[in-house]
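These are my notes from going through one chain, strand by strand and then pocket by pocket. I wrote down what I looked up and what came back.

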Amino acid sequence: MDSLGRAYGAAVDGRILRFTDGQDEPEVLANTNGRPLGLDFDAVGNLYIADAIKGLLRLNSAHELS
C-alpha cells in the first residue's frame, strides 16, 4: 500500500497494477515485459519491483521504469 492507502499488485504478463477504492478496474501503471515477483516502496515513494527476468526495477512517481 502507498501513503494514500492504494494497493498495488503485479500480473504474470508484467503489468504493474494499482487498485483504488471506488474504481471497478485497476490502473495499469507500467509493464516490465518480464515476470514481477515482488513489490516494495522506498522512503520517498518509488516502487521497487523484483522481476524474475528483468532484475530489480524502480518505478518513479512519473510511472517511468528504470
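I count two strands as paired if DSSP finds at least two bridges between them. The model is predicted, and every value below is computed from it.

Entry 1, the sheet of E4, E5 and E6. With that rule I looked up the strand order and found an open sheet of three strands, E4-E5-E6, with antiparallel pairing. E4 and strand E6 (55-59) are the edges; each has a single partner strand, so one side of each has no neighbour in the sheet. I noted a twist that averages 25 degrees from one strand to the next. E4 and strand E5 (residues 47-51) run antiparallel and are joined by five bridges. For one position across from E5 I recorded Gly38, which stands opposite Ala50.

Entry 2, the sheet of E1, E2 and E3. I found another open sheet of three strands, in the order E1-E2-E3 and with antiparallel pairing. Here E1 and strand E3 (27-31) stand at the edges, and because each has a single partner strand, one side of each is left without a neighbour in the sheet. On average, neighbouring strands of this sheet are turned by 25 degrees against each other, direction ignored.

I then took the pairings one at a time. E1 and E2 run antiparallel, joined by four bridges, and Tyr8 stands opposite Arg18 in E2. On the other side, strand E2 (residues 15-19) pairs with E3 in the antiparallel sense, over four bridges. Arg18 stands opposite Glu27 in E3, and I note that Arg18 also has Tyr8 opposite it. The hairpin of E1 and E2 has four residues between the strands, and in it Gly14 takes a positive phi near 100 degrees.

Entry 3, aromatic rings. How many aromatic pairs are there? I counted ring centres within 6.5 Å as a pair, and the count comes to one aromatic pair. The partners are Tyr8 and Phe41, with 5.0 Å centre to centre and 80 degrees between the planes. The pair is edge-to-face, because planes over 60 degrees apart count as such. Tyr8 is in strand E1 (residues 7-10) and Phe41 in strand E4 (residues 36-41), so I logged the pair as a link between distant parts of the chain, 33 residues apart.

Is Tyr8 buried or exposed? Tyr8 counts as buried because its relative accessibility is 18%, and the cut-off for buried is under 20%. Phe41 has a relative accessible area of 25% and is partly exposed.

Entry 4, the largest pocket. I looked up its volume and got about 220 Å³ of space. Its lining has 16 residues, and those nearest the centre are Asp2, Arg6, Tyr8, Phe41 and Gly45. Both partners of the aromatic pair, Tyr8 and Phe41, are therefore on that list. I sorted the lining by type and got seven nonpolar, six polar and three charged residues.

Entry 5, Asp40. Asp40 has its place in strand E4. Asp40 counts as exposed, at 54% relative accessibility. I also checked Asp40 against Asp2: they are 38 residues apart in sequence, and 9.3 Å apart in space, C-alpha to C-alpha.

Notes
Residues numbered from 1 in each chain as written. Predicted model: local features only at pLDDT ≥ 70, side-chain atom pairs only at ≥ 80, totals over all residues. Heavy atoms only, no water. Phe/Tyr/Trp six-rings, centres within 6.5 Å; stacked < 30°, edge-to-face > 60°. Buried < 20%, exposed > 50% of the residue type's maximum accessible area, 1.4 Å probe, protein only. Axes fitted to C-alpha atoms, helices over the stretch in contact; angles between N-to-C directions. 1 Å grid on protein atoms, 1.4 Å probe; cavity = no way out; pocket = protein on both sides within 12 Å on 5 of 7 lines; lining within 4 Å. Points joined across faces, edges and corners; volume = space filled by probe spheres on them. Nonpolar A, V, L, I, M, F, W, Y, C, P; charged D, E, K, R; others polar.
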